[in-house]
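Me: Please take a close look at one helix pair in this model, and then place that pair within its chain and its surroundings. I would like a connected account rather than a list.

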Amino acid sequence: MNLRRRYLRDRLMVALVYLGTLLVLLPLLFILGYVFVKGIGALNWDFFTKPPAPPGEPGGGMLPAIVGTFVIDLMALAMGGLLGLGGGVLMAEYPEHPLNRPLRLVANVLGGIPAILMGLFAFVFVVVPMGGFSAFSGSVALAILMIPIIMRATEEVLRILPWELREAGLALGLPRWRVTLSLILPAAKGGIVTGLLLALARAAGEAAPLLFTAFGNPFISFDPLGPMDSLPLKIYVYAISPYEEWIRQAWGAALLLALLLMVTNFLARRALRRS
Amino acid sequence: MEPLRMETQNLTVYYGKNAGVKNVSLPVHDRKITALIGPSGCGKTTFLRALNRMHDLNPIVRIEGRVLLDGEDVYAAGVDPVVIRRRVGMVFQRPTPFPTMSIFENVVAGLRLVGVKDRERLAEVAERSLKAAALWDEVKDRLNEPAVGLSGGQQQRISIARALAVEPEVLLMDEPTSALDPISTQAIEDLLTDLKDQVTIVIVTHNMQQAARVSDRTAFFLNGDMIEYGPTERLFTNPADERTEAYITGRFG
């Protein structure tokens, strides 16, 4: 009797868990599904190969924004990755270092700052002194966004490694930096790559930090010191425009961005599983 | 009088305010095996780690007294701990193969990572070290396989081979067999006896039979004090201190 009630309760709880999962998944599926339906029509050969058409005219594409996304994000990953990795390694491997406490504070504060302020920061400290909008300044804003994410991810994966591993290296008469470089970092490679990719995916979806830094550019540009376009920027500008064709292309760009981020996330997870 | 390879003089190790090792003066004879025994928490591992400056990374640890290696204080100003650890190697309680490296790379890690590139020399060192660690026959056909694929006992012998590869003068072993099955334990004990001619060994062990089997001299620790030290046979058959006797006859610990 009692046992039957317990089975019943068990089934009820399992059903509730499934229901909860479904409720969480619904918005995701809805967003992706909606973006797909609205955006798939805009994805054609011109979309990937042509610069934008003048306002109101049909046709044109996203090539400058696609190129710019890669250029800006990769520069940001290089800068943010280097600093974030350095900070994470310092926090995990040199816990007694005096820079540790300020670094942790910076990571926590940076992690809580809205993305648009990163753009503002880059505007004040990069755009104004350098005298103009540039892809580089956009990368700086995105890099600042990435740093706390990469730092925390790096610190976490390094801390998972047993402390004995470091001692084993030191006991061989290896200097500490050599232990970090040749024993610890290779052992944590998968987790570190995951952290980098997740930070990249996070930053690549941001339009706000680029508004007054990379600024946007209707022409293909590879010049890091000049204005450059980017998919999130294009989505923002096109979506609030009055032109039907642009709004349609904004959906296309949104779909493309979503796909790119999904691929990045997928790669990140695979890197983690491999390690 | 046999020559001393190492010696501590009034060594005290503080963890914060507490002394984990109190005023211990212990001679370590050249090319002999010195065993440190005592119940859990008695300070024997803390003492061992002080010998090659493994406490350096822990900011709350403070060392007083002297640790001499060939008559020179390893804690003296200007002494590089890296150099000390190169001369005084260590094998830990749990096997610690480097996870990203093959068996071969593990064994020669201490040489390769400081820039030794000569393939022939590395191969020669690997073979010699693995033979010394009684592992050569078991792994000689799969040197390029990952070391983490080996059994626990084999991994521990990899750790020993790796420590031997840099040719330390002293080898510190912190309960090297406590995580191993009896057969692997036997293999490592045999190996200790074989190694004796080449290297001075200080071994911490929980297992009194092990100390009695392999060591030449034994020190008994209790609550951070070294209670008694002497030739192993004498200490086990005719202990001078009643606490030593109580411990080795199994009345506590």
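Reply: Helix 4 of chain A and helix 6 of chain A are oblique to each other, because an angle that is neither roughly parallel, roughly antiparallel nor roughly perpendicular counts as oblique. The structure is a predicted model, and the description below should be read accordingly. The angle in question is roughly 125°, and the two axes come within 9 Å. Helix 4 of chain A covers residues 100-112, while helix 6 of chain A covers residues 135-160. The crossing of these two helices is left-handed.

The residues at this crossing can be named. Helix 4 of chain A contributes A:Ala107, A:Leu110 and A:Gly111. On the other side, A:Ile144, A:Ile147, A:Pro148, A:Met151 and A:Arg152 of helix 6 of chain A meet them. Sorted by class, the contact of helix 4 of chain A with helix 6 of chain A comprises 6 nonpolar, 1 polar and 1 charged residues.

A:Ala107 also serves as a reference point for a residue elsewhere in the chain. A:Leu165 is separated from A:Ala107 by 58 residues in sequence, and the two C-alpha atoms are 27 Å apart in space. A:Leu165 belongs to helix 7 of chain A, residues 163-171. With 18 other C-beta atoms within 10 Å, A:Leu165 is partly exposed, because a residue counts as buried from 20 such atoms upward and as exposed at 12 or fewer. Leaving aside residues up to four places away in sequence, A:Leu165 touches A:Leu183, A:Ile184 and A:Ala187, and also B:Thr96 of the other chain.

The chain that holds the pair has 11 helices and 0 strands. Its C-alpha atoms fill a box of roughly 70 × 70 × 30 Å along the principal axes. Of the 275 residues in chain A, 40% are buried. Among contacts in chain A between residues at least 6 apart in sequence, 73% join residues at least 24 apart.

The domain assignment divides chain A into domain 1 (2-42) and domain 2 (45-274). The C-alpha centres of domain 1 of chain A and domain 2 of chain A lie 32 Å apart. Contact between them involves 8 residues of domain 1 of chain A and 8 residues of domain 2 of chain A. By class, the side of domain 1 of chain A that touches domain 2 of chain A has 5 nonpolar, 2 polar and 1 charged residues.

The account can now turn to the partner chain. In the contact between the chains, 22 residues of chain B are in contact with 16 residues of chain A. At least two residues of the chain B side come from each of helix 2 (81-87), strand 7 (88-91), helix 4 (109-112) and helix 7 of chain B. That side of chain B has 12 nonpolar, 6 polar and 4 charged residues.

Helix 7 of chain B, residues 152-165, also packs against a helix of its own chain. Its axis and that of helix 8 of chain B, residues 182-195, come within 9 Å and cross at roughly 20°. That angle makes helix 7 of chain B roughly parallel to helix 8 of chain B. The crossing of helix 7 of chain B and helix 8 of chain B is right-handed. Among the residues that meet here are B:Gly152, B:Gln156 and B:Ile160 in helix 7 of chain B, and B:Ala187 and B:Leu191 in helix 8 of chain B. By class, this contact has 4 nonpolar, 4 polar and 1 charged residues.

Key:
Residues numbered from 1 in each chain as written. Chains lettered and ligands numbered in written order. Predicted model: local features only at pLDDT ≥ 70, side-chain atom pairs only at ≥ 80, totals over all residues. Axes fitted to C-alpha atoms, helices over the stretch in contact; angles between N-to-C directions. Helix = DSSP H or I, 4+ residues; strand = E, 2+ residues; numbered from the N terminus. Parallel < 35°, antiparallel > 145°, perpendicular 65-115°, else oblique. Left-handed = near helix turned anticlockwise from the far one by under 90°. Contact = placed C-beta atoms within 7 Å. Nonpolar A, V, L, I, M, F, W, Y, C, P; charged D, E, K, R; others polar. Domains from an automatic or database assignment.
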